[in-house]
Amino acid sequence: MSDDIKALREQLGEIADLKSAIALLQWDHEVYMPPKAAPGRGQQLATLCTLCHKMFTSPEMGGMLKKARDGAGELSPDDAALISETLYDYERETKLPESFVKTFAVEQSKAYEEWTKARAESDFKMFQPSLERVVELLKEKAELLGYEDTPYDALLESYERGMTTAKLKEIFGELATKQADLIERIVNSPNQPDVQWLEQNWNTKAQLDFTVRVLNDMGYDFDAGRQDISVHPFTTNFDVFDVRVTTRAYENELFTALTGSIHEGGHALYEQGLLEKDRRTCLAEAPSLGIHESQSRMWENIVGRSKPFWNHYLPEFKKYFPGQMDKVTAEDIYKAVNHVKPSFIRVEADECTYNLHIIIRFEIEVALMQDDIKVAEVPELWNAKVKDYLGLDLTDDALGCLQDIHWSHGAIGYFPTYALGNLYSAQLFAKIEQDVPDLMNEIGNGNFRPLLDWLRTNVHAHGRRKTAPQIVRDATGLEPCSVPYLEYLERKYGQLYGLVRSQSVPGR
Ligand code: ZN
């Protein structure tokens with residue numbers, strides 16, 4: 001390794017250490033910090049973030065990167081990947097002047113405050129001026145970053161590199177039609193599950209104990225992580241050997257803690273599967289939010305809501321809630337955990353309706369960024385789309401356009417990654433079933449090792465050496481597309497609800 005590369009790696013390592021410290025402070029903020037500490041914590045984070053940004057966007061860093069890239073001798077594949085990925089980040093970050101970054105941060109925290117109040121009052125007008133400023137700033141950001149087709153592309157790039165608005169319109173168009181058709185058949189099916197038995201009080205400690213058992217079985221390493229409680233579950237990491245998850249439990253909900261933990265466990269297994277040799281560099285990162293989400297959704301939905309999973313776990317699960325599930329069969333619980341019901345809230349949506357929530361947000365975001373609509377028109381448009389896609393009448397902003405935190409954080413372009421995660425998860429899983437013919441039987445025996453091994457090799461270990469579409473293409477031989485996901489839904493829910501197969505969805 002040349003001295004130039006050694007120096008570069010050392011400098012990048014220091015920046016990575018700072019980022020880890022920031023993430024640890026943020027974790028503490030969500031998990032343990034006493035409420036009065038908030039303003040102080042805000043200052044600590046602002047100082048560290050500014051320092052990080054300055055170090056990374058300095059002319060010295062640019063010089064070091066170019067020197068390392070252009071130096072004598074051939075670069076090892078790892079060094080070449082590290083330099084090109086870091087240059088990509090460097091070029092994007094240096095396009096945003098420090099004055100813009102500061103203004104944006106100030107507006108963000110104001111917008112978050114206003115959103116919190118507006119949501120509590122269910123009054124979009126209270127949030128409207130903030131959202132107008134955020135949208136204007138994001139338009140400015142898109143111009144600074146540059147784009148070919150539409151400003152929305154520039155924002156998407158931050159979350160799902162290489163994805164374009166045009167491609168998403170094509171993919172989502174097909175999803176919208178076919179998922180809406182499937183939901184209609186489900187809602188009209190006479191075979192609705194009996195979920196009355198769920199209406200009991202479920203001991204939250206028992207719920208949490210069970211999540212620990214399942215996380216262990218999945219292969220989550222508690223010696224290199226831990227699980228805590230937070231209002232909104234999340235996964236964070238400060239190193240390959242320190243990957244933490246959070247969950248939450250409610251007495252009146254049997255599945256919230258478990259599905260939340262499995263979801264975050266899927267994210268965490270990705271982080272624990274990154275390579276030790278990539279520590280303290282950007283190669284120890286996932287290439288996109290969509291591919292990260294493919295892991296959480298695969299574990300939560302395709303595995304954790306499968307029949308074999310519940311065949312295996314039900315006898316054990318019953319022991320955690322003595323006398324409360326004596327008559328419940330694996331079929332009952334399988335039906336209950338896959339209950340389809342159009343509803344207003346995205347985070348509570350089932351697999352069949354989830355993507356429609358995303359499509360509503362995507363269409364509104366694109367329209368905002370292209371000046372096709374004004375911010376003031378958002379609630380009306382939102383409610384119309386909820387009626388159109390989900391068949392529900394909505395008048396309450398808190399249950400509608402004010403439900404998500406994302407816009408108050410300036411995160412426009414983020415939502416599509418959730419739907420892409422669903423698509424990638426099904427496409428990858430269909431290939432795993434081919435490569436590991438006994439896969440569902442192994443899951444039925446509580447053995448997740450073959451699944452995890454496949455994911456380690458084909459997804460996790462690459463870090464940022466491949467983009468998300470490349471990972472999917474190399475693993476499955478196909479471009480990312482919606483067909484496997486639609487087939488998965490049709491197969492699973494067709495059987496669950498005794499549906500006649502729609503002519504419009506291809507067979508397997
Ligand atoms: Zn997630």
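In what order do the three strands of the open sheet stand? The close-ups below start there, and they come from a predicted model.

**View 1. A small group of strands, side by side: the order is β1-β3-β2, in an open sheet with mixed pairing.** β1 (227–229) and β2 (235–239) are the edge strands, and each has a single partner, so one side of each has no neighbour in the sheet. Ignoring direction, neighbouring strands here are turned by 25 degrees against each other on average.

**View 2. A look at how β2 meets β3.** β2 and strand β3 (residues 242–247) run antiparallel and pair over four bridges. To find your place, look for Asn-237, which stands opposite Val-243 in β3. As background, strands of a sheet pair through backbone hydrogen bonds, either parallel or antiparallel.

**View 3. Helices against the sheet.** Helix α9 (residues 204–218) lies across β1 and β3, and its direction is at about 155 degrees to β1. Then there's helix α10 (residues 256–272), which packs on the sheet and touches β1, β2 and β3. The direction of α10 makes about 165 degrees with that of β3.

**View 4. The zinc ion and the residues that hold on to it.** Which residues coordinate the zinc ion? They are His-263 and His-267, each through NE2, and Glu-293 through OE, at 2.1 to 2.4 Å. Along the chain, the donors follow the spacing H-x3-H-x25-E. His-263 sits in helix α10 and Glu-293 in helix α11 (residues 289–303), so this pair links distant parts of the chain, 30 residues apart. Are His-263 and Glu-293 buried or exposed? His-263 is buried, with a relative accessible area of 11%, and Glu-293 counts as buried too, at 7% relative accessibility.

**View 5. A salt bridge between helix α1 and helix α3.** Side chains of opposite charge can pair when their charged atoms come close. Here Asp-4 pairs with Lys-67, and their closest N and O atoms are 3.8 Å apart. Asp-4 belongs to helix α1 (residues 3–31) and Lys-67 to helix α3 (residues 59–70), so the bridge ties together parts that are 63 residues apart in sequence. Asp-4 is partly exposed at 28% relative accessibility, while Lys-67 is exposed, with a relative accessible area of 52%.

**View 6. Lys-385 and Glu-363, joined by a salt bridge.** Their side chains meet at 2.7 Å, N to O. Lys-385 lies in helix α15 (residues 378–390) and Glu-363 in helix α14 (residues 351–369), so the contact ties together parts 22 residues apart in sequence. Lys-385 counts as buried, at 17% relative accessibility. That is below the 20% cut-off for buried. Glu-363, with a relative accessible area of 26%, is partly exposed.

**View 7. Glu-276 with Arg-279, and a wider look at salt bridges.** The side chains of Glu-276 and Arg-279 form a salt bridge of 3.7 Å, N to O. Arg-279 is partly exposed, its relative accessible area being 32%. How many salt bridges does a search of the whole structure find? The search turns up 40. Some share partners: Glu-85, Asp-89, Arg-161, Glu-285 and Arg-464 are joined in this way into one network.

Notes
Residues numbered from 1 in each chain as written. Predicted model: local features only at pLDDT ≥ 70, side-chain atom pairs only at ≥ 80, totals over all residues. Heavy atoms only, no water. Salt bridge = Lys/Arg side-chain N within 4 Å of Asp/Glu carboxyl O. Helix = DSSP H or I, 4+ residues; strand = E, 2+ residues; numbered from the N terminus. Buried < 20%, exposed > 50% of the residue type's maximum accessible area, 1.4 Å probe, protein only. Pairing = 2+ DSSP bridges. Axes fitted to C-alpha atoms, helices over the stretch in contact; angles between N-to-C directions. Contact = heavy atoms within 4.5 Å. Donors = N, O, S within 2.8 Å, 3.2 Å for Na, K, Ca; no water.
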